[in-house]
Amino acid sequence: MSDLVRGHPQEEVEDMFLISAKLMLRASLHRLSRTTALHKHLVAVCPQSRRYSDENVKRILGSSKVLRFTKRAIKYSAIASLGLAITALIGFEATHLWIEKVELAPEQDPEVKRWEWDQEAEQWSGNSVKGGTDPALGHHGKHRVRAAWAAYNWGHGDEAAVVDADATSAHDEGQPRSLQLVDAKMKMAESFMRGALRVADECPNAHPETITQLIARNATILERLGGESLYQAKTEFERAWAGFSGQGLDAAHIALRIGEISSQLGQSNDVLAWWSRAITLANGTIPDELEKLPAVLKTAPSSPRAQRILSTTLVSLSAFYAKTGNLNQAQALEEATLTMLRSVPPPASLASASAPQALHALYLLHRSSLISIHLAEVLYARKQPHTQSIQYLTSAADSSERVARALTGNTPPMSEASTTTTSATPPQETAPIPAYTSSRSMKKPANALLRDARRTSAEAWNLIGILNETQGKDLPAALWCYERAVQWAGTAVEGSMQPREGILHSEWVVIWDNYTRAKRIMDATAS
């Protein structure tokens, strides 16, 4: 208690506090009355002042609410944007991790390795044992390689982009190039791969084959782009050939690809030179003159991959001889190739064979069907009886149908060589069975083989129909063959027949026109 009240009785102190409180209350009431009186005076003088003051209060309160809402919206938007950015970053890195650890993982199946399908897979690193990308490329280099892989394998097939090619041609200086329609995903893959190669060129610790493999992948991408890019693709493949020192089956495969590109570019001398190198590396021996080639095709090489490279090269060489008018060489080569392919023992049955072995046997069987078609065309061009051509074409159709049925799980045992499959309806499955697609090394070859087998079956039946109609004068038999070709090449879409995936539009037009024309004539004859 203060000195002011110390010594006074308790009652006097309480009276003093009470009096002070009353005085303070009275002063407050006086100030309030004055304020109220002023407000009433203002209202009396200007009646709108009450509305103005109320609106000001409301406006201030409203502005505060908007400000608080805006601050919350900005805060929540920033949090959401940060969350989306983090999610996108995690998804981006997770995708790259998946490619590194799963898609580019090394092959582990010993049976796949035995039949050398793992060597058929495109390599994106110099170390096929460890798989993935080369660690020496660093963070950015590895990301560029994986980005190129993703664009090459996961892009949408119907994407396209117009590339302004107003610069001068790379192979003919001074000649302007026109606009070219290219695959957008391949263009993106080529851009990423170009960046990866720049990093690899500056990396002294990279695996010895990393740069060579990346160059080969870049060449493949350029080849897919087509057009003027074919010249660059050939140059890149030649660099890869030098990187492999011109030795081994990888070099043989590169030589095969260079020969194919040279054929597209019309460079005949280069075609024969590069394919002769491929045959030499795959088979081991070759004569000085390629025209004497059949003399060294009595037996096939022991390596499964070498057999596949050699058979594919011989199919391409056979077509080249026929197109250039060298019919004698073409016939000799085709007959020798068929003899060589028949010397490779097939499995007793697909049921007893492993998937890698079966796929290898089906691959060679399809190559024999292609050679049979080429031989039938050469025999017809050399004025041989059309029945010989029909015989080879029927064999080609039957072999191709067996391949397609086997890949889709609808095949009789391969030992039943005397049993034809031409009476059954073509399978409607559009993809191989999981035994092939579940393997990363065999998935692409199996899909490509099924597509090619359908095309070969349709082509063989269409040619048989043409021979029956024009040479045998048997229109009913021709119509049956045309219908068979339509069944292999086409599929019903919303009540109309359309070409299957992988069937060229030009091929489908010929097949469909032959069928509709023959059917129209038969219907008119019947009526």
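This dialogue reads a few helices in a predicted model.

Q: At what angle do helix H4 and helix H5 pack, and how far apart are their axes?
A: The model gives an angle of about 160° between H4 (residues 138-154) and H5 (residues 184-201), with the axes 8 Å apart.

Q: Are H4 and H5 roughly parallel or roughly antiparallel to each other, and why?
A: Angles over 145 degrees count as roughly antiparallel. H4 and H5 are therefore roughly antiparallel to each other. Their crossing is left-handed.

Q: Which residues in H4 and H5 meet?
A: An α-helix has 3.6 residues a turn, so residues three or four places apart point the same way. On the H4 side, the contact includes Gly141, Arg144, Val145 and Ala148. Among their partners in H5 are Met188, Ala189, Phe192 and Ala196. The residues of this contact divide into 12 nonpolar, two polar and two charged.

Q: What span does helix H6 reach from its first C-alpha to its last?
A: H6 (residues 210-225) reaches 23 Å with its 16 residues, close to the 22 Å expected at 1.5 Å a residue.

Q: Is H6 mostly covered or mostly uncovered, and what comes just after H6?
A: H6 is mostly covered, with 14 of its 16 residues buried. Gly226, just after H6, takes a positive phi of about 70°.

Q: Why is Glu469 in helix H15 counted as buried or exposed?
A: Buried means under 20% relative accessible area. Glu469 has 17%, so Glu469 is buried. This residue lies in H15 (residues 440-470). Leaving aside neighbours within four places in sequence, Glu469 is in contact with Asp474, Leu475, Ala478, Tyr482 and Arg517.

Technical notes
Residues are numbered from 1 along each chain as its sequence is written. This is a predicted model: local features need pLDDT of at least 70, side-chain atom pairs count only at pLDDT 80 or more; totals for chains, interfaces and linings use all residues. Side-chain values use heavy atoms; hydrogens and water are left out. Axes are lines fitted to C-alpha atoms, for helices over the stretch in contact, and angles run from 0 to 180 degrees between N-to-C directions. Helices (H or I, at least four residues) and strands (E, at least two) are DSSP runs, numbered from the N terminus. Angles under 35 degrees count as roughly parallel, over 145 as roughly antiparallel, 65 to 115 as roughly perpendicular and the rest as oblique. A crossing is left-handed if the near helix is turned anticlockwise from the far one by less than a right angle, and right-handed if clockwise. Contact means heavy atoms within 4.5 Å. Ala, Val, Leu, Ile, Met, Phe, Trp, Tyr, Cys and Pro count as nonpolar, Asp, Glu, Lys and Arg as charged, and the others, Gly among them, as polar. The expected span of a helix is 1.5 Å times one less than its number of residues. Buried means under 20% relative accessible area, exposed over 50%, partly exposed in between (1.4 Å probe, protein chains only).
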